[in-house]
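Colleague: I would like a close look at a single part of this model, taken together with whatever packs around that part. Please keep the account plain.

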Amino acid sequence: MVTHRPASGTAYRNGRFAASTRELAEEAAVAISYNGTSHAVLMATPADLEDLAYGFSLTEGLVASVAEIEEVATVDCGRGLDLQVSLAGDAGQRLAERRRSMAGPVGCGLCGIESLEAAMRETAPVAADLRLAPAEVSRAVAAMAKMQALNLRTRAVHAAGFYQSERGLVLVREDVGRHNALDKLIGAAARAGIDMATGAVVLTSRLSIELVQKTAVAGCGLLVAVSAPTALAVDEAEAAGITLAAVARGDEFELFTHPQRIIGGSLKDVA
């Protein structure tokens, strides 16, 4: 699928105007349907869409495992794309019951969330034993920049990556939406049978509560980002047992929660 295209314009540089060309990231309306019924519509980069369908299904709690997804078909509807997800019997029945219990239409600002209670859901604490050296955090962030092929062309998309000590950055997914990028990453890892408790999620965006929730559902205990977290994201990470390493730039970063997963990160260990 086409993920970018050139656009002509005019640029002002060195005190004068001149013709310019820039690659622009494509953005498409992507519906996710389950057993024939539309559930959510996202604005997303039209790439790695099966990963998106798997990851969204997992992080939104619509399936318990990839085994409950029988098939994902991508249908071009002209004005957008429809990811038609076929669920196994039990998962399909659970979703049907959830729909019948909905108090109102989807639309409180989070894709696929039908109530404030669902948006502020509690997540089970993460019990990952992973520990990284400070230099590994810096290496993971530096490696991300080199593996963002679409962003190198467009400078307009977010990325989510998965880092393991013994293998480095093993997966990267990009999207115009930071939530979509993380869902694609989680979907790709699940499809590949990768246990996300064995590594760290690395994000190029700021950290909001939804990204922490999705990371917790994936079972990953360490979340690294180049920008700062929101206050609510810190509260959620603290409750979920996730280590937040944010404002990660160059060889510097800040630890906001559960510093024990970074070697030397607990100041009491240094004293």
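What follows is a request about one helix and a connected reply. Which residues of α7 are buried, and at what angle do helix α7 and helix α8 pack?

Modeller: A word on confidence comes before the helix. This is a predicted model, with a chain average pLDDT of 91 and 90% of the residues scoring at least 70. One stretch to treat apart is residues 103–112, where pLDDT stays under 50. The model has 16 contacts beyond four places in sequence for that stretch.

Now to α7, which covers residues 209–217. Of its 9 residues, 8 are buried, so α7 is largely enclosed by the rest of the structure. The buried ones are Ile209, Glu210, Leu211, Val212, Gln213, Lys214, Thr215 and Ala216. Charged side chains are on that list too, Glu210 and Lys214 among them. After the helix comes Gly219, which has a positive phi near 80 degrees.

Two helices that pack against α7 can be taken in turn. Packed helices are described by the angle between their axes and the distance between the axes.

The partner on the C-terminal side in sequence is α8, residues 231–240. The axes of α7 and α8 are 8 Å apart and the packing angle is about 20 degrees. Angles under 35 degrees count as roughly parallel, and α7 and α8 are therefore roughly parallel to each other. The crossing of α7 with α8 is right-handed. On the α7 side the contact is made by Ile209, Val212, Gln213 and Ala216, and on the α8 side by Leu232, Ala233, Glu236, Ala237 and Ala240. By class, these residues are 7 nonpolar, 1 polar and 1 charged. The spacing of such positions has a simple background: an α-helix has 3.6 residues a turn, so residues three or four places apart point the same way.

The other partner is α6, residues 178–191. The axes of α6 and α7 come within 10 Å, and they cross at roughly 5 degrees. This makes α6 roughly parallel to α7. Here α6 contributes Arg178, His179, Leu182, Asp183 and Ile186, while α7 contributes Glu210, Leu211, Lys214 and Thr215. The contact of α6 with α7 divides into 3 nonpolar, 2 polar and 4 charged residues.

From α6 the picture extends to α1, residues 49–59. Helix α1 and helix α6 pack at about 95 degrees, with axes 6 Å apart. That makes α1 roughly perpendicular to α6. The residues of α1 in this contact are Glu50, Asp51, Leu52, Tyr54, Gly55, Phe56, Leu58 and Thr59. They meet Asn180, Asp183, Lys184, Ile186, Gly187, Ala188, Ala190 and Arg191 of α6. The contact of α1 with α6 has 7 nonpolar, 4 polar and 5 charged residues. Asp183 and Ile186 of α6 take part in the contact with α1, and both also take part in the contact with α7.

One residue of α6 can be followed further. Asn180 is found in that helix and counts as buried, at 7% relative accessibility. Beyond its neighbours within four places in sequence, Asn180 is in contact with Leu42, Met43, Ala44, Leu52 and Asp175. Of these, Leu52 is in the list for α1 facing α6.

Definitions and conventions: Residues are numbered from 1 along each chain as its sequence is written. Side-chain values use heavy atoms; hydrogens and water are left out. Axes are lines fitted to C-alpha atoms, for helices over the stretch in contact, and angles run from 0 to 180 degrees between N-to-C directions. Helices (H or I, at least four residues) and strands (E, at least two) are DSSP runs, numbered from the N terminus. Angles under 35 degrees count as roughly parallel, over 145 as roughly antiparallel, 65 to 115 as roughly perpendicular and the rest as oblique. A crossing is left-handed if the near helix is turned anticlockwise from the far one by less than a right angle, and right-handed if clockwise. Contact means heavy atoms within 4.5 Å. pLDDT is the predictor's confidence in each residue, from 0 to 100. Buried means under 20% relative accessible area, exposed over 50%, partly exposed in between (1.4 Å probe, protein chains only).
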